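User: I am new to reading protein models and would like a close look at one part of this one. Could you take me through the sheet and then show me what lies around it?

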Amino acid sequence: MQTITTTQALAEFCARAAAHPYVTVDTEFLRERTYYSKLCLVQLAYPGDGKTDAVLVDPLVEGMSLEPLHDLFRNEDVVKVFHAARQDLEIFFIEAGVFPLPLFDTQVAAMVCGFGEQVGYETLVRKIAKQPLDKSSRFTDWSRRPLTDAQKTYAVGDVTHLRMIYERLSADLKKNGREPWLQEELQVLLSPETYIIKPEEAWKRLKTRTNSGKFLAVARELAEFRESYAQSRNIPRNRVMKDDALMELASTKPQNAQDLGRSRLLLREARKGDVADGILKAVKAGLNSDPATWPKVSNDKDKAQVNPALADLLRVLLKAKAENAGVAQKLIATASELDEIASGKRDVPSLKGWRGEVFGEDAIRLCQGEIALTAKGSAVKVVEL
């Protein structure tokens, strides 16, 4: 198999690929030691069965530019096919500000076509391509050179089998009229907001049971410092401080280096230097912040008057509708959304778009007492009242 190591060779491949209706894409990367993913390999293939239609691209070679690939991504005459594209798209968006358009994600398409929830690539290769897939190289260090033959074989298999999977799923979507469903699902993947992490909002990902405004104000400042520091130095946020240490600091509110030294959970490296200074400044900023600006943990779920019987009926309806449509249940509605609907909320994703057609309209009618559910054998049916 060909490994591309020059920008010129990549440009020539992309020019050939541009003459085809689609190109399959995958990446190998590392993220254990960095904040942002380190791109180590790109795999590409277009329709065919020869030696030149599938290649590996080595982005680690000095002087290599991926701009020809970015240009191919911008070419809307060629569909870009990925499997479970989120992390791949994040890499290209962060590094080049580009999204591959038009996009086709075979994992999402498989869920729409009834292959189950979060179906893996190996499963689709087995069910659609009827081929075994060697995953032994999955967790190898893709930054080391040279790549082994086993690594290359594994990597190229992620785009060659993907061609048959794409053609099958694309045909199925066209046949059952669900192409708009897929496009609706892909909008989240193609939104910059999906990949932009704002340090000032980092505290929202913290799991805390307290509603103390002062505690949350300090936690907010600590989370913002941690995120900014990790981003600026491209290191994992947990290398700055872990969540449990952050929570401890928000509780103990250290005022000086001596206080930091008493922490049970803070990493030793974080008790001095820039990190220690940043922690103390963040704690001070949180304590001095205006109470009117203190964050509040939403307790809508606690306040919501969920009708448990109605929530159970909605689960039965969801199961029936999902089976009837041949779509994964989780793709239609989550358990928390069902509880929200049962509590009277209507601004819920599962009541909108194609989900509304498949499930949402009858879910609302069930809540309003306009329909009932009946069981006949293993089947659940809707009964008009």
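Analyst: Happy to! This is a predicted model, and a good place to begin is one pair of strands. Strand 5, residues 79–82, runs parallel to strand 6, and 3 bridges join the two. Within this pair, Lys80 of strand 5 sits opposite Leu103 of strand 6. As general background, strands of a sheet pair through backbone hydrogen bonds, and they can do so in a parallel or an antiparallel way.

Now let us step back to the whole sheet. It is an open sheet of 6 strands, and reading across it gives the order 1-4-3-2-5-6, with mixed pairing. Which strands stand at the edges? They are strand 1 (2–4) and strand 6 (103–105); each has a single partner strand, so one side of each is left without a neighbour in the sheet. On average, neighbouring strands here are turned by 30 degrees against each other, with direction ignored.

Next, look at the helices that lie across the sheet. Helix 3 lies across strand 2, strand 3 (38–45), strand 5 and strand 6, and runs at about 85 degrees to strand 2. Helix 6 lies across strands 1, 2, 3, 4, 5 and 6, running at about 140 degrees to strand 2.

Just ahead of strand 6 there is a detail worth finding. Pro102 belongs to the loop between helix 3 and strand 6, and the peptide bond joining Leu101 to Pro102 is cis, with omega about -10 degrees. Why point this out? In general, most peptide bonds are trans. A second cis bond runs from Arg145 to Pro146, where omega is near 5 degrees. Pro146 is in the loop between helix 5 and helix 6.

That loop between helix 5 and helix 6 also holds Ser143. The side chains of Ser143 and Asp141 are joined by a polar contact of 2.6 Å. Leaving aside residues up to four places away in sequence, Ser143 touches Leu30, Lys38, Cys40 and Leu60. Two of these names link back to the sheet: Lys38 and Cys40 fall in strand 3, which covers 38–45. Leu30 falls in strand 2, which covers 22–30.

Strand 2 also leads us to the largest pocket, which has a volume of about 680 Å³. Of the 21 residues lining this pocket, Glu28, Phe29, Gln87, Arg138 and Tyr154 are the closest to its centre. Where does the lining come from? Strand 2 (22–30), helix 3 (86–96), helix 5 (121–129) and helix 6 (149–176) each supply at least two residues. Strand 2 gives the most, with 5 residues. Sorted by class, the lining of the largest pocket has 8 charged, 7 nonpolar and 6 polar residues.

The second largest pocket has a volume of about 370 Å³. It is lined by 17 residues, and the closest to its centre are Val108, Met111, Gln118, Glu185 and Leu189. Helix 4 (106–112), helix 7 (179–189) and helix 15 (329–332) each supply at least two residues of this lining. The largest share, 4 residues, comes from helix 7. By class, the lining of the second largest pocket has 7 nonpolar, 3 polar and 7 charged residues.

To finish, here is another strand pair to set beside the one we started with. Strand 7 (residues 371–376) and strand 8 (residues 379–384) run antiparallel and are joined by 6 bridges, whereas strands 5 and 6 run parallel. Ala375 of strand 7 stands opposite Val380 of strand 8. These two strands form a hairpin with 2 residues between them, and Gly377 in the turn has a positive phi of about 70 degrees.

A positive phi also turns up at Asn234, a residue other than glycine, where the value is near 55 degrees. You will find Asn234 in the loop between helix 8 (213–233) and helix 9 (237–240). For context, most residues other than glycine have a negative phi.

Notes. Residues are numbered from 1 along each chain as its sequence is written. This is a predicted model: local features need pLDDT of at least 70, side-chain atom pairs count only at pLDDT 80 or more; totals for chains, interfaces and linings use all residues. Side-chain values use heavy atoms; hydrogens and water are left out. On a 1 Å grid over the protein atoms alone, a cavity is a set of points where a 1.4 Å probe fits but cannot get out, and a pocket is an open set with protein on both sides within 12 Å along at least five of seven lines; lining residues have an atom within 4 Å of a point. Grid points are joined across faces, edges and corners, and a volume is the space filled by probe spheres set on the points. Ala, Val, Leu, Ile, Met, Phe, Trp, Tyr, Cys and Pro count as nonpolar, Asp, Glu, Lys and Arg as charged, and the others, Gly among them, as polar. Two strands pair if DSSP finds at least two bridges between them. Axes are lines fitted to C-alpha atoms, for helices over the stretch in contact, and angles run from 0 to 180 degrees between N-to-C directions. Contact means heavy atoms within 4.5 Å. A polar contact is a pair of N or O atoms within 3.5 Å; within protein, one must be able to donate a hydrogen and the other to accept it, and residues adjacent in sequence count only if both atoms are side-chain atoms.
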